[in-house]
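Here are a few short exercises to work through with the model open beside you. Try each task before reading its solution.

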Amino acid sequence: MAWVVLFLSGIMETVWAAALDASENLSRFRPAALFVVALLLSMAGLSYAMRAIPIGTSYAIWVGIGAVGTALYGMVFQHDPVGVARLLCLALIICGVVGLRFLH
């Protein structure tokens, strides 16, 4: 169960990052509220997962999921640059996350 919660917490990290951007410096209520809720869920899930998964592994996986998710969100919805090198770097992060999961 801790692994599922950790994965969902990483997704929530992507949600709060996107909501923070959409809130325009927390000046728009709905995105700002989504930011706060997603941030709390993300942190609570990370905290829960760290009961069963070592801190280094859980934090690295949480950050990796959030980083890849946020970068992909930016590429798809915010027109961030997409290139082979950027996608390769994201694939390397994914490999590291998967590797940490299976080496636990």
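**Exercise 1: a loop asparagine**

Asn25 sits in the loop that lies between helix H1 (2-22) and helix H2 (29-49). Keep in mind that this is a predicted model.

*Task.* Find what sign phi has at Asn25, and decide whether Asn25 is buried or exposed.

*Solution.* Start with the backbone: phi of Asn25 is positive, about 60°, although the residue is not a glycine. Next, take the relative accessibility, which is 74% for Asn25. Exposed means over 50%, so Asn25 counts as exposed.

**Exercise 2: a loop histidine**

*Task.* Work out which helices flank the loop that holds His79, and whether His79 is buried or exposed.

*Solution.* First, place the residue: His79 belongs to the loop between helix H3 (55-77) and helix H4 (84-103). Then look at its backbone, where phi is positive at about 60°, though His79 is not a glycine. Finally, its relative accessibility is 70%; with the cut-off for exposed at over 50%, His79 counts as exposed.

**Exercise 3: the cysteines**

*Task.* Determine how many disulfides the structure holds, and explain why Cys95 is not bonded to Cys89.

*Solution.* The count of disulfides is 0. For Cys89, the nearest cysteine sulfur is that of Cys95, 12 Å away, and Cys89 is in no disulfide. A disulfide needs the two sulfur atoms within 2.5 Å, so the 12 Å between the sulfurs of Cys95 and Cys89 is too far for a bond. As a last step, compare accessibility: Cys89 has a relative accessible area of 47% and is partly exposed, while Cys95, at 53%, is exposed.

Conventions
Residues are numbered from 1 along each chain as its sequence is written. This is a predicted model: local features need pLDDT of at least 70, side-chain atom pairs count only at pLDDT 80 or more; totals for chains, interfaces and linings use all residues. Side-chain values use heavy atoms; hydrogens and water are left out. Helices (H or I, at least four residues) and strands (E, at least two) are DSSP runs, numbered from the N terminus. Buried means under 20% relative accessible area, exposed over 50%, partly exposed in between (1.4 Å probe, protein chains only).
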